[in-house]
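Let's take a walk through this one together. Have a look at the picture first, and then we'll go through it piece by piece.

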There are 2 protein chains.
Amino acid sequence: MDGLQPRRHRRRVRPAARRPAGRRRHRPRHPGGGPGMSTESSGQRNTAAPRSRTRPARKSAAASAGTGMSQVAERAGVAMSSVSRVLSGHADVSEAMRARVMAAVEELGYQPNMLAQMLRRGATRTVGFVVGDISNPLLSQIALGAETTLRASDYALLLANSVNDPRLDAENIQLLHQRRVDGFLLSLSDETSEQTAEAVARTDTPTILIDRDLPTRAPTSAVLSDHRAGITRAVEHLVGLGHERITLIAGSPHVRPTRERIDALEEALEDSPGVVAQVRPGAFTEAHGRAATRDLLDGRRPPTAIIAGGNQILVGVLAELAAREIRIPHDLSLVTCDDVPLAQFFTPALATIRRDPYEMGATAARLLLARLGGAADEVATLPTQFSAASSCAPPRPRQ
Amino acid sequence: MDGLQPRRHRRRVRPAARRPAGRRRHRPRHPGGGPGMSTESSGQRNTAAPRSRTRPARKSAAASAGTGMSQVAERAGVAMSSVSRVLSGHADVSEAMRARVMAAVEELGYQPNMLAQMLRRGATRTVGFVVGDISNPLLSQIALGAETTLRASDYALLLANSVNDPRLDAENIQLLHQRRVDGFLLSLSDETSEQTAEAVARTDTPTILIDRDLPTRAPTSAVLSDHRAGITRAVEHLVGLGHERITLIAGSPHVRPTRERIDALEEALEDSPGVVAQVRPGAFTEAHGRAATRDLLDGRRPPTAIIAGGNQILVGVLAELAAREIRIPHDLSLVTCDDVPLAQFFTPALATIRRDPYEMGATAARLLLARLGGAADEVATLPTQFSAASSCAPPRPRQ
DNA sequence: ATGAAAGCGCTAACAG
DNA sequence: CTGTTAGCGCTTTCAT
């Protein structure tokens, strides 16, 4: 071995206690060891008399577990209520008291049991996030924005995927409601679902819709994207280039973005007689993108420009175009909605209608925080930007 | 308007009760309305005598809220414990009892308060997922796999981002512990952090590491990827093509994937004297990818092949290559780790070391479920695949 | 400023 | 099989 070497070399330390690890996923169940067989590492002072008759599911005595507020009180020689007051920063507490209590807390390594607090206070400081598909970069960035903002206010995020199934939307709402979340962030799979609307209505929990509309029956806040503006700019650009047949391959017609985009496309073309809009709603999937593209290109009058209504759809569109060796923008112009990580390195560069998903999530969280703080429901609309790029060019002269 | 029209036309229904929505994010705080000002929609039977002296934060009387188990018991004319037994599917319950109770439940639309159950049972059916960056597609797919699997067993996922800050790792673990999660799924930002190790050790909660190692002190299960195999295949391929200077631009050296990849690269080249390995660990960021690439290309002996150790790093590498108009694979061969959505449309196609992140998440969840069911800790290693592609070619002859 | 007591809504002994 | 009872661990009146 010659030449430069890594600055950092590291011995391969196989963690001692582990089995060699040979990719076994479905571990055979231990014959004799059903639930309840748990390792039960007996704590130190297991000898003394049981504290009471009732002793449910004793949790193994770990560092902090089992140390309750009453122990702190005893240690500090004060009443539990005083400990509680100190810990929750109540005003009327003497310095002496505060010091005594904090000392005891320190010594015992006491950590409050939030479960008990939640039950008692009637608030969980938890927000339920129902989302069609967290693995979609758009949604995961929204999640990041939301989580970051919520955490700054000491809220935690309970995540529930619906895998784009409206029934799971409703079920998740119900489930999270039973877990007593203080609020909801909803990126629903289908805003027309009766069950979902009911689930939302049944809950009187503050709810923020993320780029969705819902029958007014259930009052909510919402963070919306201004899809109209984006589509309008894109269409203006395409029309300016001379396109006369523009197709939007859109996602599910049961969510706001799709409806807005379709409306915007049609509206934008109202002033341009001679320019034809086509719309292919369907699903936010690669399959739909591909099928729609195939269909269009096989049709009597294929479009000269396609707008892909989402990142998965884009994949399908590109796949079909690649299969047919259709060149962009020579044979067809292409615009896409919502950025994807590597899009910037495409050749040709992809014209894109962008928005800021992190900011959407953060805004949704702020709206919810406001609602939880007593404010009224509110709708925020965030902008959308169209960046032209070389994937759009004048159409080829009519055949 | 002529020609084809969309099959679906839709009136633009502006939801009635909403303000026109003019993008205002930082809503001014209402002067007089602090917390506690909440709308307090008084329920129907607000006239009767208060049920008790203590009445904390009375939740507004919604459909299901306020309906407690005792009411069901009363309605059914049985004891609360019987209701409980019926609802938790206890064996020794007569059909008559079951029917009476279920009827009452139905009529009242009763939904159990999981908070109370959690406190009483000492289990929350909640899993804490600590992750460096949920917006990374790799991690969000892992999250999806985990959530889907956990949900099938009635566990919910509490998500905590650490934005790649080791201190937040530890803090999040502590926070989730206070929320009494039953288990942890950890995709730590830095496995060498003392604080994190302590936090994990302090918790006696079952913990699954996701592609991380941790000092044995804290016993855990783990799901690992076989990075060695992937790198080994990739290097074999490159060496086979005649490359003699291969650089791995890696992410943080404080996580397992980076260490494994570095080790594997060096090991793979042990048998190939004359082939030089370079390693540039740093961070999983575009910035590092770009800086490292710049550095390498400006160096005395630039590599003939680069392995990008992550999707963000890849973006940086590509950016720098594009800026210098370096052609792949003519001037340089490129391999990347971990797939990204649009990579398949790259020209040339990117050679990639792949794994199945959804399956990683699902496996992690299964391991945790097993642990929660009383099984011992276990390590699962999932495979990795190298697909060659046209981004790799023989190097240009030495200058 | 501090303490005593009364639960939040539920479960699980225990005793019929 | 069903009812009684004693809490889970904490917060919050209410009364000093």
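A residue counts as near a strand when one of its heavy atoms lies within 4 Å of it. Keep in mind, too, that this is a predicted model.

With that in hand, start at DNA strand D. There are 28 residues around it, and those that come nearest are A:Met69, A:Tyr110, A:Arg120, B:Ser81 and B:Ser94. On the DNA side, sugar and phosphate make up 59% of the strand D atoms that come within 4 Å of the protein.

Where does this surface come from? Helix H2 (80-87) and helix H4 (114-121) of chain A, along with helix H2 (80-87) and helix H4 (114-121) of chain B, each supply at least two of its residues. Sorted by class, the surface near DNA strand D has 10 nonpolar, nine polar and nine charged residues.

Now for some individual contacts. A:Tyr110 has a polar side-chain atom 2.3 Å from a phosphate oxygen of DNA strand D, and B:Ser94 has one 2.6 Å from a phosphate oxygen of that strand. With B:Arg120, the partner is a base nitrogen: a polar side-chain atom of this residue lies 2.8 Å from it.

Let's leave the DNA and turn to the aromatic rings. How many aromatic pairs are there over all chains? The count comes to one. The partners are A:Phe346 and B:Phe346, arranged edge-to-face, with 6.1 Å centre to centre and 70 degrees between the planes. This pair crosses between chains, and in both chain A and chain B the Phe346 sits in the loop between strand E9 (333-337) and strand E10 (351-354). Both A:Phe346 and B:Phe346 are buried.

Notes: Residues numbered from 1 in each chain as written. Chains lettered and ligands numbered in written order. Predicted model: local features only at pLDDT ≥ 70, side-chain atom pairs only at ≥ 80, totals over all residues. Heavy atoms only, no water. Polar contact = N/O pair within 3.5 Å; in protein donor to acceptor, adjacent residues only side chain to side chain. Helix = DSSP H or I, 4+ residues; strand = E, 2+ residues; numbered from the N terminus. Nonpolar A, V, L, I, M, F, W, Y, C, P; charged D, E, K, R; others polar. Phe/Tyr/Trp six-rings, centres within 6.5 Å; stacked < 30°, edge-to-face > 60°. Buried < 20%, exposed > 50% of the residue type's maximum accessible area, 1.4 Å probe, protein only.
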